[in-house]
Amino acid sequence: FTENGVVAGALYGIGTAGVLFWNVLTMSLRQALIPEALFGRVQGGYRTLVWGGIPLGALAGGLLADATSVPTVFAVSGATQLLLAGALWWLLAAHRDLVANAFAADEEPAAP
């Protein structure tokens with residue numbers, strides 16, 4: 001979207017921060033909501049989906065760039081990430097009690 005290196009760096013930083021927050025939130029939720037005995041399996045399934053989706057996204061991005069332009073790929077990718085962030089926000093709000101109870105169950109009682 002820009003040829004200015006400072007603006008591009010700032011946009012890259014914003015995107016990186018989004019990935020950081022996503023990873024922290026989803027890992028925290030998985031640790032709180034998933035029983036310890038199943039955590040490894042769930043983590044393995046999650047990683048399979050994420051890492052398996054990367055080549056599919058690269059293929060879709062390449063096809064879209066070929067059909068339109070490279071900036072279009074970034075616009076579509078950014079819009080998709082915003083939609084996913086909105087969906088996560090909605091899920092967290094819709095299940096606020098479940099999430100709060102899961103984190104409360106992990107807290108240790110205060111020592112007397």
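## A threonine in the first helix

The backbone oxygen of Asn23 sits 3.4 Å from a polar atom in the side chain of Thr26. Keep in mind that this is a predicted model, so every distance here is computed from predicted atoms.

Where does Thr26 belong? Thr26 is part of helix H1. Is Thr26 buried or exposed? With a relative accessible area of 10%, Thr26 counts as buried, because the cut-off for buried is under 20%.

## Arg30 and its partners

Stay in helix H1, which covers residues 5–33, and you'll also find Arg30. Its relative accessible area is 11%. That makes Arg30 buried, because 11% falls under the 20% cut-off.

So who does Arg30 meet? Skip the neighbours within four places in sequence, and Arg30 is in contact with Phe39, Val42, Gln43 and Tyr46. With Gln43 there is a polar contact too: the side chains of Arg30 and Gln43 are joined at 2.5 Å.

## Over to helix H2

Helix H2 takes in residues 36–67, and Val50 is found there. How much of Val50 is open, going by its relative accessible area? The value is 37%, so Val50 is partly exposed; the partly exposed class runs between the 20% and 50% cut-offs.

Val50 also lets us compare sequence with space. Val50 and Leu88 are 38 residues apart along the sequence, and their C-alpha atoms are 16 Å apart in space.

## Stepping back: the whole protein

How many helices and strands does the protein have? The tally is four helices and zero strands. Follow the sequence along and the pattern reads α-α-α-α. The protein is more spread out than a compact globule, because its radius of gyration is 18 Å, well over the 13 Å that the globule rule gives for 112 residues. Along its principal axes, the C-alpha trace spans about 60 × 30 × 25 Å.

Contacts across the chain are worth a look as well. Take the contacts with a separation of 6 or more: 52% of them are between residues 24 or more positions apart.

## Surface and charge

Of the 112 residues in the protein, 10% are buried; Thr26 and Arg30 are among the buried ones. The protein exposes about 8900 Å², and carbon and sulfur atoms supply 71% of that area.

What about charge? There are 4 positive and 7 negative side chains in the protein. The centres of these two sets lie 7 Å apart.

Conventions: Residues are numbered from 1 along each chain as its sequence is written. This is a predicted model: local features need pLDDT of at least 70, side-chain atom pairs count only at pLDDT 80 or more; totals for chains, interfaces and linings use all residues. Side-chain values use heavy atoms; hydrogens and water are left out. Helices (H or I, at least four residues) and strands (E, at least two) are DSSP runs, numbered from the N terminus. Buried means under 20% relative accessible area, exposed over 50%, partly exposed in between (1.4 Å probe, protein chains only). A polar contact is a pair of N or O atoms within 3.5 Å; within protein, one must be able to donate a hydrogen and the other to accept it, and residues adjacent in sequence count only if both atoms are side-chain atoms. Contact means heavy atoms within 4.5 Å. The radius of gyration is taken over C-alpha atoms; the globule rule is 2.2 Å times the number of residues to the power 0.38. Accessible areas come from the Shrake-Rupley method with a 1.4 Å probe; for residues, only the protein chains shown count as cover. Lys and Arg count as positive and Asp and Glu as negative; His and the chain ends are not counted. The place of a charge is taken as NZ of Lys, CZ of Arg, CG of Asp or CD of Glu.
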